[in-house]
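Grab a pencil and work through these exercises with the structure open beside you. Try each task before you read its solution.

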Amino acid sequence: MIKEVIIVEGKNDIHAVKRAVDADCIATGGFALASHSLEKIAQAYIKRGIIILTDPDSAGERIRNFLSQRFPEAKHAFVPKEDAIAKNDIGIEQASSEAIRNALVKVRYLEWQPSGEFVWSDIMHYGLTGTQDASAKRAIVGAKLGIGYANAKTFLQRLNHYGVTRAEFEQAVQ
């Protein structure tokens with residue numbers, strides 16, 4: 001049983017998580033978070049802690065950012081985009097149980113004081129921007145590090161905000 005409560009977007013996401021792990025979940029109901037949903041999330045945050053596991057799409061990222069500001073000590077888990085696509089749909093409900101478990105093993109904290117460990121030249125040096133396959137490389141490295149897929153600018157922010165070490169990064173880009 002996972003101690004923290006896992007925050008997902010919808011009921012089908014809850015079913016997918018419960019197939020993968022023994023955990024309690026709360027659905028946000030999308031970006032229009034109802035006050036009773038926020039209240040439930042707040043109670044879980046205070047009593048047990050929460051893990052934010054939103055869809056790897058722009059709507060999921062907006063929900064993650066909103067919840068991160070409201071619950072700054074929440075943990076974050078990311079299912080890679082390619083592991084969350086089926087039937088022309090993207091989301092946690094489409095992810096395999098293995099993909100969900102892998103994401104939960106790589107849970108990270110959002111650090112409000114960025115480390116500054118990584119700079120734009122790191123992203124360029126390793127071909128994570130400015131090359132034809134940069135997007136695919138970021139997806140692979142993001143999956144290895146447990147920080148998910150993002151455009152180059154957001155990827156750099158995640159490297160510095162989710163406690164990625166230089167050694168972890170260099171191992172992931174190899």
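## Rings, cores and a glycine

To warm up, find the aromatic cluster that Phe 118, Tyr 126 and Phe 169 form together. Keep in mind that you're looking at a predicted model.

**Exercise 1.** Work out how the rings of Tyr 45 and Phe 71 are arranged.

*Solution.*
- Step 1: A search of the whole structure turns up five aromatic pairs.
- Step 2: For Tyr 45 and Phe 71, the ring centres are 5.0 Å apart and the planes meet at 55°, so call this pair tilted.
- Step 3: Now place the partners: Tyr 45 belongs to helix H2 (residues 35–47), while Phe 71 is in the loop between helix H3 (58–70) and strand S4 (75–76), so the pair ties together parts 26 residues apart in sequence.
- Step 4: Check accessibility. Tyr 45 has 22% and counts as partly exposed, whereas Phe 71 has 5% and counts as buried.

**Exercise 2.** Do the same for Phe 78 and Tyr 162, then look for a charge over the ring of Phe 78.

*Solution.*
- Step 1: The centres of these two rings, Phe 78 and Tyr 162, lie 5.6 Å apart with planes at 90°; over 60 degrees counts as edge-to-face, so that's your label.
- Step 2: Phe 78 sits in the loop between S4 and strand S5 (85–86), and Tyr 162 in the loop between helix H7 (152–161) and helix H8 (166–173), which puts the partners 84 residues apart.
- Step 3: Buried means under 20% relative accessible area, so Phe 78 at 8% is buried, and Tyr 162 at 7% is buried too.
- Step 4: The charge comes from Arg 64, whose charged end sits over the Phe 78 ring, 3.9 Å from the centre.

**Exercise 3.** Which residues have the most contacts inside the largest nonpolar core?

*Solution.*
- Step 1: This core has 21 residues, and the ones with the most contacts in it are Ile 6, Val 17, Val 21, Leu 53, Val 79, Ile 100 and Leu 104.
- Step 2: Strand S1 (5–8), helix H1 (11–20) and helix H4 (97–105) each supply at least two of its residues.
- Step 3: Apart from this core there's another, of 17 residues, including Ile 123 and Phe 155.

**Exercise 4.** Is Gly 148 buried or exposed, and what does Gly 148 touch?

*Solution.*
- Step 1: Find Gly 148 in the loop between helix H6 (134–145) and H7.
- Step 2: Its relative accessible area is 4%, so Gly 148 is buried.
- Step 3: Skipping residues up to four places away in sequence, Gly 148 touches Phe 78, Gly 142, Phe 155 and Arg 158.

Technical notes. Residues numbered from 1 in each chain as written. Predicted model: local features only at pLDDT ≥ 70, side-chain atom pairs only at ≥ 80, totals over all residues. Heavy atoms only, no water. Phe/Tyr/Trp six-rings, centres within 6.5 Å; stacked < 30°, edge-to-face > 60°. Helix = DSSP H or I, 4+ residues; strand = E, 2+ residues; numbered from the N terminus. Buried < 20%, exposed > 50% of the residue type's maximum accessible area, 1.4 Å probe, protein only. Lys NZ or Arg CZ within 6 Å of the ring centre and 35° of its normal. Core = buried A, V, L, I, M, F, W, Y, C linked by side-chain atoms within 4.5 Å. Contact = heavy atoms within 4.5 Å.
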